[in-house]
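Trainee: Could we take a close look at one part of this structure together? I would like to start from a single residue and work outwards.

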Amino acid sequence: MEHLIQMEQICMYFGGVHAVENMNLHLAEKEILGIIGPNGSGKSTLINVLTGIYAPTSGHVLFGGEDITGRQSYEIAAKGISRTFQNLRIFRAMTVCENVMTGRHCKVRAKFVDILLRTAKYRSQEREALKKADELLEFVGLSHMKNEFAGSMSYGQQKRLEVARALASEPKVCLFDEPAAGMNSAEANEMMDLIRAVQKDRGLAIILIEHNMEAMMNTAERIIVMDAGHKAAEGTPKEIQRNQKVIQIYLGEEEPCC
Ligand SMILES: Nc1ncnc2c1ncn2[C@@H]1O[C@H](COP(=O)(O)OP(=O)(O)OP(=O)(O)O)[C@@H](O)[C@H]1O
Ligand SMILES: [Mg+2]
């Protein structure tokens, strides 16, 4: 079966730092794949390679069977892979609605002259972007803040705004890098509900990186565990919870065997 995403033998080295080493990963349509692992184990680097922020040192990335290794981020976004970042990247001085609209830039077909002269083509694209932003703000529960400055929102609301912005480009896959970081458990649960809705209601495939184990175990259908750049384990949440290697990575010791 052809997978939506396939990463084959990916290595990403920064000088002597082997951030990712021989990683293989596949993602099926409408699947939620979780990636866990200790700090510095290579999780963000792996999705930075997938989204074209870094060209891998070696290995291949396929999207829908097409080799997209080393392509620029904007090309990969336009093909249908979107993401949120580990650190907030909200434009604080722009309104909530404007922030969502920036997520659509890779879909805009208007030329500079269209924008300058506000041609019919440009105005129709702008109307479409506004309609889409309204619908997405409704989806993430932020409609009431549409015209507020993004910087005036709570941290949890800003994280939800990032989800809306990532969806604005109408992607097929969305990558969430620690969407619940810094949240209390009620906020984290709401964020996971939202991520499940992105899969169920909008039909997207998802890669989720998250340190909150409870959230991860309740949300991911399959989990990859990374350790020092390598894949240490892979399986269902149940299998991962009782995997001795994983327990050792997290606790630094093995459970007694007898
Ligand atoms: N641009 C870079 N230049 C040099 N080293 C880097 C770069 N990006 C990441 N690294 C290194 O690669 C390793 C993996 O980092 P990465 O950010 O992928 O880990 P992570 O699993 O996402 O960690 P965390 O859970 O803390 O977010 C670390 O040793 C990190 O310092
Ligand atoms: Mg990270």
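Leaving aside its neighbours within four places in sequence, which residues is Val225 in contact with?

Mentor: Happy to walk you through it. Keep in mind that this is a predicted model, in which local features need pLDDT of at least 70 and side-chain atom pairs count only at pLDDT 80 or more, while totals for chains, interfaces and linings use all residues. Residues are numbered from 1 along each chain as its sequence is written, chains are lettered from A and ligands numbered from 1 in the order in which they are written, and side-chain values use heavy atoms, with hydrogens and water left out.

To your residue, then. Once neighbours within four places in sequence are set aside, Val225 is in contact (heavy atoms within 4.5 Å) with Ile36, His230, Lys231, Ala232, Ala233, Ile240, Val246 and Ile249.

Val225 also belongs to something bigger. The largest nonpolar core has 43 residues; such a core is a set of buried Ala, Val, Leu, Ile, Met, Phe, Trp, Tyr and Cys residues joined through side-chain atoms within 4.5 Å. Here, buried stands for under 20% relative accessible area, exposed for over 50%, and partly exposed for anything in between, with a 1.4 Å probe and protein chains only. Val225 is among the residues with the most contacts inside this core, alongside Val100, Leu161, Val163, Phe176, Ile223 and Ile240. Helix α7 (residues 185–200) contributes the most to the core, giving 6 residues. Helices are DSSP runs of H or I with at least four residues, strands are runs of E with at least two, and both are numbered from the N terminus. Another core, of 27 residues, lies apart from this one, and includes Leu25, Val61, Phe63 and Ile207.

Phe176 is a good next stop. It sits in strand β7 (residues 173–177) and is buried, with a relative accessible area of 0%. Beyond four places in sequence, Phe176 is in contact with Thr84, Val163, Ile195, Val198, Ile206, Ile207, Leu208 and Ile209. Its C-alpha atom is 21 Å from that of Cys97, which is 79 residues away in sequence.

Leu161, another of the core residues with the most contacts, leads us to Met153. Not counting residues up to four places away in sequence, Met153 touches Val96, Leu142, Met145, Gln158 and Leu161. Met153 lies in the loop between α5 (120–140) and α6, and at 5% relative accessibility it counts as buried. Arg92 is 61 residues from Met153 along the chain, with 9.0 Å between their C-alpha atoms.

Helix α1 (residues 43–50) deserves a look too. Because 7 of its 8 residues are buried, this helix is largely enclosed by the rest of the structure. The buried ones are Lys43, Thr45, Leu46, Ile47, Asn48, Val49 and Leu50. Just after α1 comes Gly52, with a positive phi of about 80°.

Two other residues have positive phi without being glycine. Gln9, in strand β1 (residues 5–14), has a phi of about 50° and is partly exposed at 42% relative accessible area. Glu170, in the loop between α6 (155–167) and β7, has a phi near 55° and is partly exposed at 39%.

Gly64 is a useful contrast to the core residues. It lies in the loop between β4 (58–63) and β5 (66–67) and counts as partly exposed, at 45% relative accessibility. Its contacts, beyond four places in sequence, are Glu2, His3 and Leu4. Gly64 and Ile5 are 59 residues apart in sequence, yet their C-alpha atoms are 6.3 Å apart.

Finally, step back to the whole. The protein chain has 10 helices and 10 strands. Its radius of gyration, taken over C-alpha atoms, is 19 Å, close to the 18 Å that the globule rule gives for 258 residues, so the chain is as compact as a globular protein of that length; the rule is 2.2 Å times the number of residues to the power 0.38. Of these 258 residues, 48% count as buried. Among contacts between residues at least 6 apart in sequence, 66% join residues at least 24 apart.
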